[in-house]
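The paragraphs below lead through a set of helices, their packing and a few residues beside them. Please keep the structure in view while reading.

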Amino acid sequence: MAKKNAKELGQKPIGKLLLEQSVPASIGVLIMSLNIMVDTIFVGNWIGPTAIAAINVVLPVSFFIAALGMAIGVGGASIISRALGANNYEKALKTFGNQIGLTLLLCVSLAGLGLVYTDSLIPAFGGKGEIFDLAKTYYQIVLYGVPILGLVMMGNSSIRAEGKPKFAMIAMVIPSVGNLLADYILIYVLDWGMAGAAWATTGSYIVSFLFILWFFSSKNSELKLTWKHFGLEKQIVKEIGSLGFVTLSRQAVVSITYLLLNNILYELGGAQSVTVYAIVARMLMFVLFPILGITQGFLPIAGYNYGANKPQRVRKSINLAIGSASLLALGIFSIIMIFPEQIASVFTQDPIILQETPAAMRWVFAALPIISLQLIGSAYFQAIGKAIPALLLTLSRQGFFFIPLVLILPKYYGLWGVWISFPLADLISTLVTGWVLKREVQLNLKQA
């Protein structure tokens, strides 16, 4: 039954497949995003607005380490999808075993280093002044669970590579619901403050890991490992690394972006401006859920059919993914533009933050309707195993365009220069991605 499900990626109608793969992924991303957003609402209302800024300081460090697991998962999932499409079952197993070993080795090592250099890393990422103590409390506890989060992210990508999106969705739902319940008990009932928020997050990682461990041990998974599959194999590690480096580079750039923005905003407007950005960033995670869900659903379909040498199905999956994601993005864009004041008031009642957030939110989301092309276009090259174009396109939005813009524009336009950098980078990177994707399709996915 499991193997039949994987083969269906190359047999079922693309529209039906994209729906089956994307809806569970979207629900999973939605619930995870809601978890992050509601967690921020709880922290802002029960601890204070400075606590929101403190979490924003910690996230890039902890997420970068955990992103190693996600990078290894996405890189390995591309190999697994193509291997299953080509009926190379042994390579799929070997890849999965190597993913587990690499994730444990790298995440545990970096989490240890992160704990050793706590007092240096937090100020570097904008945790200064009144933000520092709250950020340190949250950071130290959350980092204990980061290796577990790395395994969760790796395992989740591998579940999707098997064509089992519903189980991947459940793996994302469980910690989200658990975190919110734990937040209520530890922060509101027991009054543990930032420590309560941190332990709620760490505990949720562990619950999700236990579910993923059960999945791969059960009859639902076809990736049944033996000890021989865990031995690192140079060629597989190299391929995982080259494809996973795309995801890791993206997260590295995200972490650098947080570092720059937290420091620039702190200099321009103090802790209040860092809090404004934290609220906007949480909303950005939330509103992208359907686009990210479609992207995740698209990846195994494109990878499997590319491996099975079915170019027409690959072309159709690209067109359907971009079209449906753009339509959804347009609807979300309309809501953001009309109700930014109401959205901001959910997070805090601080008058300064409520005054500054709506305008920032409108600018940051100004290019939302076109961003689907950039995200899905860059993901396509990762799905088919072309690491270099995937890397360059993934880095283009924040690395090549946003970071230079945010270093230059605030010098002339202050805070407005920060916010306008977002849509400008989105526009330029989308144009570049569209041109590269069109050329790739014309050259290598020719019509029959």
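Angles between helix axes under 35 degrees count as roughly parallel, over 145 as roughly antiparallel, 65 to 115 as roughly perpendicular, and the rest as oblique. The model to which this is applied here is a predicted one. Helix 3 and helix 10 offer a case: their axes come within 7 Å and cross at roughly 45 degrees, and the two helices are therefore oblique to each other. Helix 3 passes helix 10 in a right-handed crossing, where Ser81, Arg82, Leu84 and Gly85 of helix 3 meet Pro300, Gly303, Tyr304 and Gly307 of helix 10. Sorted by character, the residues of this contact between helix 3 and helix 10 comprise three nonpolar, four polar and one charged.

Helix 10, residues 289-307, also packs against helix 14, residues 371-383, with axes that come within 9 Å and cross at roughly 30 degrees. Because of that angle, helix 10 counts as roughly parallel to helix 14. Helix 10 passes helix 14 in a right-handed crossing. On the side of helix 10 the contact is made by Ile291, Leu292, Ile294, Thr295, Phe298, Leu299, Ala302, Gly303 and Tyr306, and on the side of helix 14 by Ile371, Ser372, Leu375, Ile376, Ala379, Tyr380 and Ala383. The residues of this contact of helix 10 with helix 14 divide into 13 nonpolar, three polar and no charged. Gly303 is named in the contact of helix 10 with helix 14, and Gly303 is also among the residues of helix 10 that meet helix 3.

How far does helix 14 reach from its first C-alpha to its last? Helix 14 has 13 residues and reaches 18 Å between those atoms, close to the 18 Å expected at 1.5 Å a residue. Of its 13 residues 12 are buried, so helix 14 is largely enclosed by the rest of the structure. The buried residues include Ile371, Gln374, Gly377, Ser378, Phe381 and Gln382. What covers the buried residues of helix 14 includes helix 3, helix 9, helix 10, helix 11, helix 15 and helix 16. Helix 14 is followed by Gly385, whose phi is positive, near 85 degrees.

Helix 16, one of the helices that cover helix 14, spans residues 415-444 and holds Thr430. Is Thr430 buried or exposed? Buried means under 20% relative accessible area, and Thr430, at 6% relative accessibility, therefore counts as buried. Leaving aside neighbours within four places in sequence, Thr430 is in contact with Ile370, Ile371, Leu373 and Gln374. Ile371 and Gln374 are among the buried residues of helix 14.

Helix 9 and helix 15, which are also included in the cover of helix 14, pack against each other. The axes of helix 9, residues 234-287, and helix 15, residues 387-413, come within 9 Å and cross at roughly 10 degrees. That angle is why helix 9 is described as roughly parallel to helix 15. The residues of the contact of helix 9 with helix 15 divide into 19 nonpolar, six polar and one charged.

Two loop residues now call for attention to the backbone. Most residues other than glycine have a negative phi. Asn309, in the loop between helix 10 and helix 11, has a phi near 60 degrees, a positive value in a residue other than glycine. At 65% relative accessibility, Asn309 counts as exposed. Asp191, in the loop between helix 7 and helix 8, likewise has a positive phi, near 60 degrees, and at 62% relative accessibility Asp191 counts as exposed.

Helix 7, which Asp191 follows, has 25 residues and reaches 35 Å from its first C-alpha to its last, close to the 36 Å expected at 1.5 Å a residue. Among its buried residues are Pro165, Ala168, Met169, Ala171, Met172, Pro175 and Ser176, and the buried residues of helix 7 also include Asn179, Ala182, Asp183, Leu186 and Ile187.

A last stop is Tyr144, which is found in helix 6, residues 132-161. Tyr144 touches Leu115 and Trp199, not counting residues up to four places away in sequence. Tyr144 and Val108 are 36 residues apart in sequence, and in space they are 9.1 Å apart from C-alpha to C-alpha.

Methods:
Residues numbered from 1 in each chain as written. Predicted model: local features only at pLDDT ≥ 70, side-chain atom pairs only at ≥ 80, totals over all residues. Heavy atoms only, no water. Helix = DSSP H or I, 4+ residues; strand = E, 2+ residues; numbered from the N terminus. Contact = heavy atoms within 4.5 Å. Buried < 20%, exposed > 50% of the residue type's maximum accessible area, 1.4 Å probe, protein only. Axes fitted to C-alpha atoms, helices over the stretch in contact; angles between N-to-C directions. Left-handed = near helix turned anticlockwise from the far one by under 90°. Nonpolar A, V, L, I, M, F, W, Y, C, P; charged D, E, K, R; others polar. Expected span 1.5 Å × (residues − 1).
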